[in-house]
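Trainee: Please walk me through this structure. I want to know what stands behind each label.

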Amino acid sequence: MPAFFLALIAAAVATLASREAARVARLSAALGGAAGLLAAVWLASAASSAVGGWVGALLAAQLAAPAKLMLVALALLLGGIELIVLRPRPPPREPTRSFAAILIVLLAAQVTDAARLLVLGVAAATGGPWLAAAGGALGSGAVLTAAWALGDQWETRLPLSVLRWSLAGLLLASAAMCGLSALGLLG
């Protein structure tokens, strides 16, 4: 169960200040809180987390314990950098109402986002790929559901800039701790 809870918390934290949450909130506001968007959010979260868990399982079979911890450190580092560098894009002028198009865009963005990298790292480090995938899907899905529910209030109610920098700092500090532990420099 540690894989489930670690992935749930990591994915929720990484998704909270991500550009995906802003994208979902803006689409929800433009589409009037369409239920199809919510379904696409959950399908994309589940599918992308399953991919992360599967790749983590493949890597786990090939890596020694210190290398698995270094993989987690790398995932945390890339997640922190993503939160700093990748800002939300401007809202679409004419958002599509096509369920398939929305699903493809969300899935393509989530397959390589910070939350899925963390699911991959947790899956590889703990040896529980499907629990990590389930936790990642639930964590991301819950945050994106909140963004969907708040719509245009998501960016006004939350201090996203402060959250982005704080969570990025947390991920980068965690990456340093994991990396130093993997190198044997910490207890």
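What follows is a set of short exchanges on helices, cores and charged pairs.

Mentor: The model is predicted: local features need pLDDT of at least 70, side-chain atom pairs count only at pLDDT 80 or more, and totals for chains, interfaces and linings use all residues. Residues are numbered from 1 along each chain as its sequence is written, and side-chain values use heavy atoms, with hydrogens and water left out.

Trainee: Why is Ala 40 called buried?

Mentor: Its relative accessibility is 0%. Buried means under 20% relative accessible area, exposed over 50%, and partly exposed in between (1.4 Å probe, protein chains only). Ala 40 therefore counts as buried.

Trainee: Where does Ala 40 lie, and what does it touch?

Mentor: Ala 40 lies in helix α3. Helices are DSSP runs (H or I, at least four residues), numbered from the N terminus. Not counting residues up to four places away in sequence, Ala 40 touches Phe 99, Ile 102, Leu 103 and Leu 106. Contact means heavy atoms within 4.5 Å.

Trainee: How do α3 and α5 cross?

Mentor: Their axes come within 9 Å and cross at roughly 35 degrees. Axes are lines fitted to C-alpha atoms, for helices over the stretch in contact, and angles run from 0 to 180 degrees between N-to-C directions. The α3 contact residues include Leu 37, Ala 40 and Ala 44, and those of α5 include Phe 99, Ile 102 and Leu 106.

Trainee: What makes a set of residues a nonpolar core?

Mentor: The residues must be buried Ala, Val, Leu, Ile, Met, Phe, Trp, Tyr or Cys, joined through side-chain atoms within 4.5 Å. The largest such core here has 35 residues. Among those with the most contacts inside it are Val 24, Leu 106 and Trp 154. Helix α9 (160-182) is one of the helices that each supply at least two residues. α9 gives the most, with seven residues. Apart from this core lies another, of six residues, among them Ala 3 and Val 119.

Trainee: How do you know that Arg 23 and Glu 20 meet in a salt bridge?

Mentor: A salt bridge is a side-chain nitrogen of Lys or Arg within 4 Å of a carboxyl oxygen of Asp or Glu. Arg 23 and Glu 20 are at 2.6 Å, N to O, so the pair meets that cut-off. They are three residues apart in helix α2, which means about one helical turn separates them. Both are buried.

Trainee: How many salt bridges does the structure hold?

Mentor: Three. Arg 26 and Glu 155 form one of them, at 2.8 Å, N to O. That pair links distant parts of the chain, 129 residues apart: Arg 26 is in helix α2, Glu 155 in helix α8 (residues 154-157). Asp 113 and Arg 116 also meet in a salt bridge, at 3.0 Å, N to O. Asp 113 and Arg 116 are both buried.

Trainee: Why is Glu 155 called partly exposed?

Mentor: Its relative accessible area is 32%. That falls between the 20% and 50% limits, so the label fits.

Trainee: Why does Glu 82 have no salt bridge?

Mentor: The nearest side chain of opposite charge, Arg 19, is 5.4 Å away. The cut-off is 4 Å, so the pair does not qualify. On charge, Lys and Arg count as positive and Asp and Glu as negative; His and the chain ends are not counted. Glu 82 is buried, and is found in helix α4 (residues 65-85). Leaving aside neighbours within four places in sequence, Glu 82 is in contact with Thr 112, Asp 113 and Ala 114.
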